[in-house]
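Subject: Handover of a structure and its findings

Dear colleague,

Please find the structure below, followed by an account of what was found in it. Kindly read the account with the model open beside you.

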Amino acid sequence: MRREQEPYWPVRLRTERLHIREPGEADRGDYVRLMTDPSASRYLGGAVNFGSRQALELSPLGNTWGAWIIAHGATDHMLGIANLSYDRDELEINYALLPEFVGHGYAREAVERIIEFARDPLDEPVMIAVVQTSNKRSVEQLKRIGFRVRRGFEEFGSQQLLMEYPLHTGAERS
């Protein structure tokens, strides 16, 4: 069941080290940097062009269903982003961290907490993630979390993997 229009958004989540929350104006500089830094955005389809950068700088970050900032729990400083969407007609997660925060377990911690959140209110059988095969670190991380490869395909000129995570077992759904 799609919950994109549900009134309970925004949802704020916490982990031991993270605050997963809606975007705010204080995040704009880091958000633009994440989307425009070639090393940060290379697996997101590449850095945005000048026109897109201007749009990012001017558009409201706002309260969009499924859009989160991954922030440090103690400082609330933005570390990256995470999003849930139904762009492929299934519940899909994507995430990205600023380069200086990669390799510290933040993405895994955020994804695991978002999976935990998604189980009940969204009532979906699976969550999918699409990742470039060249992003080996992310592929391995998703596998460690419990995602399995459903299929490979080409998109945006790159080989991709469509991975899935079962949110419910048969017994839980009956």
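**The chain as a whole**

Residues 24 or more positions apart account for 64% of those contacts in the chain that have a separation of 6 or more, where contact means heavy atoms within 4.5 Å. This is a predicted model, in which local features need pLDDT of at least 70 and side-chain atom pairs count only at pLDDT 80 or more, while totals for chains, interfaces and linings use all residues. Residues are numbered from 1 along each chain as its sequence is written, and side-chain values use heavy atoms, with hydrogens and water left out.

The chain has six helices and eight strands. Helices (H or I, at least four residues) and strands (E, at least two) are DSSP runs, numbered from the N terminus. Their order along the sequence is β-β-α-α-α-β-β-β-α-β-α-β-β-α. Of the 174 residues, 45% count as buried; buried means under 20% relative accessible area, exposed over 50%, and partly exposed in between (1.4 Å probe, protein chains only).

**Helix α4 and its partner α5**

Does the length of helix α4 agree or disagree with what its residue count predicts? The helix has 13 residues (106–118), which at 1.5 Å a residue should span 18 Å, and its end C-alpha atoms are 18 Å apart, so the two values agree. The expected span is 1.5 Å times one less than the number of residues. Buried residues in α4 are Y106, A107, E109, A110, V111, I114, I115, F117 and A118.

Two packed helices are described by the angle between their axes and the distance between the axes. For α4 and helix α5 (residues 136–145), the angle is about 40° and the axes are 11 Å apart. That angle makes α4 oblique to α5. Angles under 35 degrees count as roughly parallel, over 145 as roughly antiparallel, 65 to 115 as roughly perpendicular and the rest as oblique. The axes are lines fitted to C-alpha atoms, for helices over the stretch in contact, and angles run from 0 to 180 degrees between N-to-C directions.

The crossing of α4 past α5 is right-handed, that is, the near helix is turned clockwise from the far one by less than a right angle (anticlockwise would be left-handed). On the α4 side, A107, R108, V111, E112 and I115 meet Q141, R144 and I145 of α5. By class, this contact has four nonpolar, one polar and three charged residues. Ala, Val, Leu, Ile, Met, Phe, Trp, Tyr, Cys and Pro count as nonpolar, Asp, Glu, Lys and Arg as charged, and the others, Gly among them, as polar.

R144 lies in helix α5 and counts as exposed, at 51% relative accessibility. The C-alpha atoms of R144 and R108 are separated by 9.0 Å, with their positions 36 residues apart along the chain.

**Two strand residues**

S85 is in strand β4 (residues 78–85). With a relative accessible area of 11%, S85 is buried. Leaving aside residues up to four places away in sequence, S85 touches W65, E90, L91 and E92. S85 and A67 are 18 residues apart in sequence, and their C-alpha atoms are 8.5 Å apart in space.

N94 is in strand β5 (residues 92–97) and counts as partly exposed, at 29% relative accessibility. By the same sequence exclusion of up to four places, N94 touches I81, A82 and N83. N94 and V130 are 36 residues apart in sequence and 7.5 Å apart in space, C-alpha to C-alpha.

**Two loop residues with positive phi**

Most residues other than glycine have a negative phi. D76, which is not a glycine, has a positive phi of about 65°. D76 lies in the loop between β3 (67–72) and β4 and is partly exposed at 31% relative accessibility.

D123 is likewise not a glycine and has a positive phi of about 50°. D123 is found in the loop between α4 and β6 (126–132), and its relative accessibility of 35% counts as partly exposed.

Yours sincerely
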